[in-house]
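Colleague: Got a minute to go through the empty spaces and ring contacts with me? I'd like to hear the reasoning behind the labels.

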Amino acid sequence: MKVGIMGGTFDPIHFGHLAMAESARVIFSLDEVLFIPSARPPHKTENQITPEVHRLMMTYLATQSNKFFQVSPMEFMREGLSYTLDTVDALHKKFGASTELFFIIGSDSMADLPKWHKARELVQKVHFIAAARPGVKVNLDELQKFFGAEDMQHIHQITTPGLEISSTDLRERIRQGRSIKYLVPEVVEEYIYKEHIYSTDIDEMRKELQKRLKKERFAHSIGVANTAVKLAKKFHIDERKAYIAGLLHDCARQFENDELPAEANKRGIKIGEVENSVPLLLHAYIGAQMIEEIYNVHDAEISQAIYRHTVAARNMTPLDKIIYFADMIEPNRNYPGVEKLREIAEKSNDLDEIILTALNESIIFVTQKNSLVHPDTIDARNFLLLQKEKLK
């Protein structure tokens, strides 16, 4: 069996990707081509990528008309950076040693192959197909200097239709209000506009937030936004609101802890006993106002979700709950008990059960540190328990 692998962020997927995959399939008589959207590509750690759920859905939509094309979310299932070698090893395990794997990439990317993670080991395990436009060739001599003659038997070059389409250009076209018709499949175009992907407002929010937050805090914010979208999808909540609330939930962390009380007083925010002792908590209340002041977000639901994301509250909305929980389990989080919370998020379809578990874990964590438990956290927990009692 011969399986093609078409990797990439697919942000968005376009006809250039599809033509490249089909050409490789026909020329090398591949039994199928597996499209695998990248989760966290190492070479794009500084760039911001559209939430996984959207990139995966666009890839499904784009490939559904070709019976030889399949889509796998396997890289989204792994923690850490998305290395091609890990994906290839997983596919060899899945398909068996008798299956030949063919990784399809553009000729521009092929020139960078020696810089890939464990490139020599990778080339020994999988064939590479460099798809070039007519008149464009890969510098095979330079590759041979690095890989050697034997490994070069796994590197091939084909010519594909000369479709000059770039995902970067497509995103810019959408932001500028220009047409992308005939550059992406119609179903992908419809999905992009329906879900407001690549709209200027969210892109500008990300850029502004990145300027104001430290690198680690910004990475956390992106992680919360993407996790919130996954939860929103599962529990049928507005994904766009979930992304914005997750993205901006920590916008007030641009201030140091000792600056937060003054910022709260400036905005007329009441500082309670617990907040006076733990001023970090004030960032949620300040952030709920800052989203209007700086990010031009005038949405009471989003504001409330940000306000409640640190200590929770009684009678939380579904959006409140997923932002509270996404903040606890996003991929950058690493603390005792986080895997337990991630596991219940995967297994449970009861959002209240998930939040109750999260509240219990939060209270245990805080009390073990001999720190103050916010009364709103206790109130939120008791409210959920009382609601469960009423439903019995």
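**Cavities and rings**

Modeller: Sure. Keep in mind that the model is predicted. Helix H9 (200-212) and helix H11 (239-248) each supply at least two residues of the largest cavity's lining, and H11 gives the most, with three residues.

Colleague: How much space lies in the largest cavity, and which residues are the closest to its centre?

Modeller: About 160 Å³. There are 13 lining residues, and Pro51, His54, His196, Ile197 and Ile202 are the closest to the centre. By class, the lining divides into five nonpolar, four polar and four charged residues.

Colleague: How many cavities of 30 Å³ or more are there?

Modeller: Two. The second largest holds about 40 Å³ of space, which puts it on the list, since the cut-off is 30 Å³ or more. Its lining includes Arg314, Lys321 and Phe383, and helix H19 (residues 375-391) gives the largest share, three residues.

Colleague: What classes do the residues lining that second largest cavity fall into?

Modeller: Six are nonpolar, one is polar and two are charged.

Colleague: On to the rings. Why is the pair of Phe146 and Phe147 called edge-to-face?

Modeller: The angle between their planes is 85°, and edge-to-face needs over 60 degrees, so the label fits. They count as a pair because their centres are 4.8 Å apart, and the limit is 6.5 Å.

Colleague: Why does Phe147 count as buried, and what does Phe146 count as?

Modeller: Phe147 has 6% relative accessibility, and buried means under 20%, so buried it is. Phe146 has 26%, which lies between 20% and 50%, so Phe146 is partly exposed.

Colleague: And what makes the pair of Tyr285 and Tyr307 tilted?

Modeller: Their planes are 35° apart. Stacked needs under 30 degrees and edge-to-face over 60, so tilted is what remains. Tyr285 sits in helix H14 (residues 282-293) and Tyr307 in helix H15 (residues 300-307), 22 residues apart, so the pair links distant parts of the chain. Tyr285 is buried at 4%, while Tyr307 is partly exposed at 41%.

Colleague: How do you know that Arg120 lies over the face of Phe146?

Modeller: Arg120 is 3.9 Å from the ring centre, and the distance limit is 6 Å, with an angle condition of 35 degrees from the ring normal as well. Arg25 lies over the face of Phe68, also at 3.9 Å from the ring centre.

Colleague: Which residues form an aromatic cluster?

Modeller: Phe10, Phe35 and Phe69 form one. The whole structure has eight aromatic pairs.

Technical notes
Residues numbered from 1 in each chain as written. Predicted model: local features only at pLDDT ≥ 70, side-chain atom pairs only at ≥ 80, totals over all residues. Heavy atoms only, no water. 1 Å grid on protein atoms, 1.4 Å probe; cavity = no way out; pocket = protein on both sides within 12 Å on 5 of 7 lines; lining within 4 Å. Points joined across faces, edges and corners; volume = space filled by probe spheres on them. Helix = DSSP H or I, 4+ residues; strand = E, 2+ residues; numbered from the N terminus. Nonpolar A, V, L, I, M, F, W, Y, C, P; charged D, E, K, R; others polar. Phe/Tyr/Trp six-rings, centres within 6.5 Å; stacked < 30°, edge-to-face > 60°. Buried < 20%, exposed > 50% of the residue type's maximum accessible area, 1.4 Å probe, protein only.
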